[in-house]
Amino acid sequence: MLELRHLDYFRAVAEYGSISRAAAALHLTQPTLSRQIAGLEKSLGHRLLRRTPAGTELTAVGEGLRRHLSSIFELVDRIPEVLQAAATARHLVHLGVPSGIPDGWIEAYLNSVHEAAPEIHFAIVEATSEEQRRLLLNGLLDLSLMHTQPPELHAEPLFRQRLGCVFREGAEAGDRAELDVTDLSGLRVMAHSAKGEEAGLRAAATAAGAEVGWLFRAFSEHSELIANSSRVDAVLIGSTSARKWFPSWRWVPFHAERPEHWMRTWVAWAGNDPKHGDVLLGCLRETARQYRDDPTYESTG
């Protein structure tokens, strides 16, 4: 019979890349762990590991199982939270949130839901849009706020925010009131990875012939440290993240006329309707319409 501990043993071997190192971490003998893995392979009918001079490596089937296990163990880790919610007759909703949401927006939404349905409680999961997409598809989120529209999920637009750049002191173009992509020509600009929400703006810069020295990094909490160590002139970013991560840099927005100068936020869910959908979606739409605390913000729902 397949047991969770056998999957945990396999996960350890996949993580450590060696049966001996995994056995030490699990406080098992190497022969014992080898027998457990062999039993798992027999039970599943597939070879999961192959021996190498350096230790072990995953087969294609083993890699597929490793990816799947991340969802399984995330669900297992949530058991105490789920039981506590059930014991107190609460409806627990897992809500995915990316960086860059306007200040106070999430708080306003949570308050709106609490007034309409106090039995609903939230477990907030902070993740990128791509990470949220995976979590939604695997049933680990009920609802997501995303900066990219996922084609295989249900989604509707909520709001958009002006993109801009923060400039280090003395950087050219940092004294402007508004920007065009051509103003970045000749500058070294840090941006999120090529699949991020700013991809449209970078494409527009290329089309306009702006020779921008793009530097792609994943950044959040240590953004200013990364920017300084990389010696960039500017960072492509929204105003909310700019205030949080670059308090001493000047933020300048792109002008509002071009669609690629905006970062959009959608609400997404995997099923026909999320749990408690009337309340959750209704409050999201209302919050999007009523929020007015950021001049770079516009409701699009």
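Colleague: Why is Cys165 called buried?

Modeller: Its relative accessibility is 0%. A residue is buried when its relative accessible area is under 20%, exposed when it is over 50%, and partly exposed in between, with a 1.4 Å probe and protein chains only. At 0%, Cys165 is under that limit and so counts as buried. A word on the background: this is a predicted model, in which local features need pLDDT of at least 70, side-chain atom pairs count only at pLDDT 80 or more, and totals for chains, interfaces and linings use all residues. Residues are numbered from 1 along each chain as its sequence is written, and side-chain values use heavy atoms, with hydrogens and water left out.

Colleague: What makes Cys283 buried or exposed?

Modeller: Its value of 8% is under the limit for buried, so Cys283 is buried.

Colleague: How many disulfides are there by the rule in use?

Modeller: The count is zero. The rule asks for a pair of cysteine sulfur atoms within 2.5 Å. In general, a disulfide is a covalent bond between the sulfur atoms of two cysteines.

Colleague: How do you know that strand E6 is mostly covered?

Modeller: E6 spans residues 154-167, and 11 of its 14 residues are buried. Strands here are DSSP runs of E with at least two residues, helices are runs of H or I with at least four, and both are numbered from the N terminus.

Colleague: What makes E6 and strand E11 a pair?

Modeller: Two strands pair if DSSP finds at least two bridges between them. E6 and E11 (residues 262-269) are joined by eight bridges, so they meet that rule, and they run antiparallel. Within this pairing, His154 stands opposite Trp269.

Colleague: Over how many bridges does E6 pair with strand E12?

Modeller: Three, in the antiparallel sense, with E12 covering residues 297-299. There, Gln161 has Tyr297 as its bridge partner. E6 also pairs with strand E9 (residues 234-238) over five antiparallel bridges, with Leu163 opposite Gly238. Four more bridges join E6 to strand E10 (residues 250-253), again antiparallel, and here Val166 faces Trp251 across the pairing.

Colleague: Why is Ser144 called buried?

Modeller: Ser144 has 0% relative accessibility, which is under the buried limit. You will find Ser144 in strand E5 (residues 143-146).

Colleague: What makes the link between Ser144 and Gln132 a polar contact?

Modeller: The side chains come to 2.9 Å. A polar contact is a pair of N or O atoms within 3.5 Å; within protein, one must be able to donate a hydrogen and the other to accept it, and residues adjacent in sequence count only if both atoms are side-chain atoms. Contact in the wider sense means heavy atoms within 4.5 Å. Leaving out residues up to four places away in sequence, Ser144 touches several residues, including Leu95, Trp266 and Val267.

Colleague: What places Thr287 among the buried residues?

Modeller: Its relative accessible area is 7%, so Thr287 is buried. Thr287 belongs to helix H11 (residues 277-290). A polar atom of its side chain lies 2.8 Å from the backbone oxygen of Cys283. Among the residues that Thr287 touches are Trp105, Tyr109 and Tyr297.

Colleague: Why is the link between Arg66 and Glu63 called a salt bridge?

Modeller: A salt bridge needs a side-chain nitrogen of Lys or Arg within 4 Å of a carboxyl oxygen of Asp or Glu. Arg66 and Glu63 meet at 2.6 Å, N to O, so the pair qualifies. They are three residues apart in helix H4 (residues 60-77), which means about one helical turn separates them. Arg66, at 35%, is partly exposed, and Glu63 is also partly exposed, at 26%. Glu63, Arg66 and Arg67 form a network of salt bridges.

Colleague: What distance makes Arg243 and Asp103 a salt bridge?

Modeller: Their closest N and O atoms are 3.2 Å apart. Arg243 lies in helix H10 (residues 239-245) and Asp103 in the loop between strand E3 (91-97) and helix H6 (105-116), so this salt bridge ties together parts 140 residues apart in sequence. Arg243, at 45%, is partly exposed, and so is Asp103, at 41%.

Colleague: How many salt bridges does the whole structure hold?

Modeller: The search finds 14. One of them joins Asp183 and Arg176 at 3.7 Å, N to O. Asp183 is buried at 19%, whereas Arg176 is partly exposed at 40%.
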